[in-house]
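Me: I would be grateful for a close look at the salt bridges of this protein. Please set them in the context of the whole structure and of the packing around them.

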Amino acid sequence: MSGSRILCLLCVGSILVGLGAPMAADAETVAVVNARVVSLGPEGDLERGVVVVRDGRIAEVGRDIAVPTEARVIDGEGMILTPGLVAAITPLGLNDTIGSGWGGLGSTAPDLGAGFDVLADVNPNSPQIPEARIEGVTRAVLAPNAPGRASDGSARLFGGQASVIHLSQGYELTVRPGAAVVMNAGAQGAAAAGGGRGALLTRLAQVLDLVRAYDRNPRAFDRARLEHAPVSELDLQALAPVTRGERPLLVEVERASDIVNILNFAEQQDVRLILSGAAEGWMVADRIAAAGVPVVLNGEDNQAFTFDSLNATYDNAAILSRAGVKIAFKPSVARIVFLIRTPRFIAGRAVRHGLSWNEAMEAVTINPAVIFGFADRFGSIEPGKDADLVLWSGDPLETSSVARMVMIRGVEQPLTARNRALRDRYIGRLTAD
């Protein structure tokens, strides 16, 4: 056998061993002891709790849990154990840039709006992912760019599909594909539809009627009806779960009147909504709560960047939560590079402006899990769920606290990133000068 063939076989063997390593780790039994356990689940807040992890899932949670003899023990004395954090409506892993601005992706193809999915664009080797893990983020809700006009100038009412990933090492990161369909119901959406809110809502009603007709009998559907419609057959297929109530519309909207318009539209069309942004949501908080619609808001909004957000305020989160609205947080476009990996800092700011500590923690853990449909697997520390756990040196909403241990699906993750390794390599030279 030639040397090259031997080398090739050795390489394949090394790859197979590497691929098998996570499976062995998944089978490990781990017990975290002595930490304050903030479960955000039925067990509540345990001053000195025990969490047992077996085969990648949480097996037991409580105060007086016997530690299995085979378990690897992690002593959390003086630390706080929480579920992993969720970065919601984020371009995390979709680009490797350092510049500011929304670094997500979108389609400008005339025939690919709602049918566009960003999952194939995720780079598991993006430097953003290990940076986010170091900050305690273990899941992310990826969203495409908000829709605009297509490359040929035609209207594009939908930006594509939001999907959920986990952030552990490896290449199979998908948790929930097609978690929502993205659209804009503000000035941008109105511009895409012809310049007015009325045009947008009329177009949307037309599209949903087409979707229902298509979904009843795709083979018999008259495709000539699509000739002047702002959607393609690919979009009809992607929107069918929306009209069935199986998939929500994730609607970017800021102005209070636009929020009321889209709530009324959703009630008439019997579709589910998730509001994104909602800078003026506090002004119609009771209306949002009555509709049972969750909001993923930008906790950094406190000034009028656009005419749609003239009444933005840091108090938004607290007012919405007091009204009974389930909230989560997304990063600000202006500070996207930093905040995509630190949702806890956005939550911490909201506490300063009236949100309770527990509500803020829910907004970056269990709430986004409920909103985007994966709470059966993640978001709280309770038996049967994936073991996504973070052990913090102190209050996770304080900027001075750091993650001492991050576990995703029962596997402890390295708290290292290339960016930080380069920093540590050269910082000595800089300080010496």
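Reply: The account below begins with the whole chain, proceeds to the salt bridges, and ends with a loop residue and the largest cavity.

The model is predicted. The protein has 433 residues, 52% of which count as buried, and its secondary structure comprises 13 helices and 16 strands. Contacts across long stretches of sequence are well represented: of those between residues at least 6 apart, 68% join residues at least 24 apart. The accessible surface amounts to about 18700 Å², with carbon and sulfur atoms contributing 52%.

Turning to the charged pairs, a search of the whole structure yields 21 salt bridges. In general, side chains of opposite charge can pair when their charged atoms come close. One of these bridges joins the side chains of Asp-258 and Arg-197, with an N to O distance of 2.8 Å. The two partners lie in distant parts of the chain, 61 residues apart: Asp-258 belongs to helix α6 (residues 256-269), and Arg-197 to helix α4 (residues 197-216). Their surroundings can be described separately. Asp-258 has a relative accessible area of 1% and is therefore buried, the cut-off being under 20%. Arg-197, at 21%, is partly exposed.

A second pair consists of Arg-244 and Glu-246, whose side chains meet at 3.0 Å, N to O. Here Arg-244 is partly exposed, with a relative accessible area of 43%, and Glu-246 is also partly exposed, at 46%.

A third bridge connects Arg-377 and Asp-386, the closest N and O atoms lying 4.0 Å apart. Within this pair, Asp-386 is buried at 5% relative accessibility, whereas Arg-377 is partly exposed at 29%. Both residues also take part in a network of salt bridges that links Arg-57, Arg-139, Arg-377, Asp-386 and Asp-388.

The packing of a nearby stretch of sequence may be considered next. Ile-381 lies in the loop between α12 (366-371) and β14 (389-392). Although placed in a loop, Ile-381 is buried, with a relative accessibility of 0%. Leaving aside residues up to four places away in sequence, Ile-381 touches Val-37, Val-38, Ser-39, Val-51, Ile-58, Val-61, Leu-81, Thr-82, Pro-83 and Leu-389. One of these contacts, Val-51, is 330 residues from Ile-381 along the chain, yet the C-alpha atoms of the two are separated by 8.2 Å.

Finally, the enclosed space within the protein deserves mention. Three cavities of 30 Å³ or more are counted, and the largest has a volume of about 50 Å³. The lining of this largest cavity is formed by Leu-297, Asn-298, Gly-299, Asp-301, Thr-313, Tyr-314, Asn-316, Ala-317, Arg-349 and Ala-350. Two or more of the lining residues come from each of the elements β12 (295-298), α8 (316-322) and α10 (343-352). By class, the lining comprises four nonpolar, four polar and two charged residues.

Methods:
Residues are numbered from 1 along each chain as its sequence is written. This is a predicted model: local features need pLDDT of at least 70, side-chain atom pairs count only at pLDDT 80 or more; totals for chains, interfaces and linings use all residues. Side-chain values use heavy atoms; hydrogens and water are left out. Helices (H or I, at least four residues) and strands (E, at least two) are DSSP runs, numbered from the N terminus. Buried means under 20% relative accessible area, exposed over 50%, partly exposed in between (1.4 Å probe, protein chains only). Contact means heavy atoms within 4.5 Å. Accessible areas come from the Shrake-Rupley method with a 1.4 Å probe; for residues, only the protein chains shown count as cover. On a 1 Å grid over the protein atoms alone, a cavity is a set of points where a 1.4 Å probe fits but cannot get out, and a pocket is an open set with protein on both sides within 12 Å along at least five of seven lines; lining residues have an atom within 4 Å of a point. Grid points are joined across faces, edges and corners, and a volume is the space filled by probe spheres set on the points. Ala, Val, Leu, Ile, Met, Phe, Trp, Tyr, Cys and Pro count as nonpolar, Asp, Glu, Lys and Arg as charged, and the others, Gly among them, as polar.
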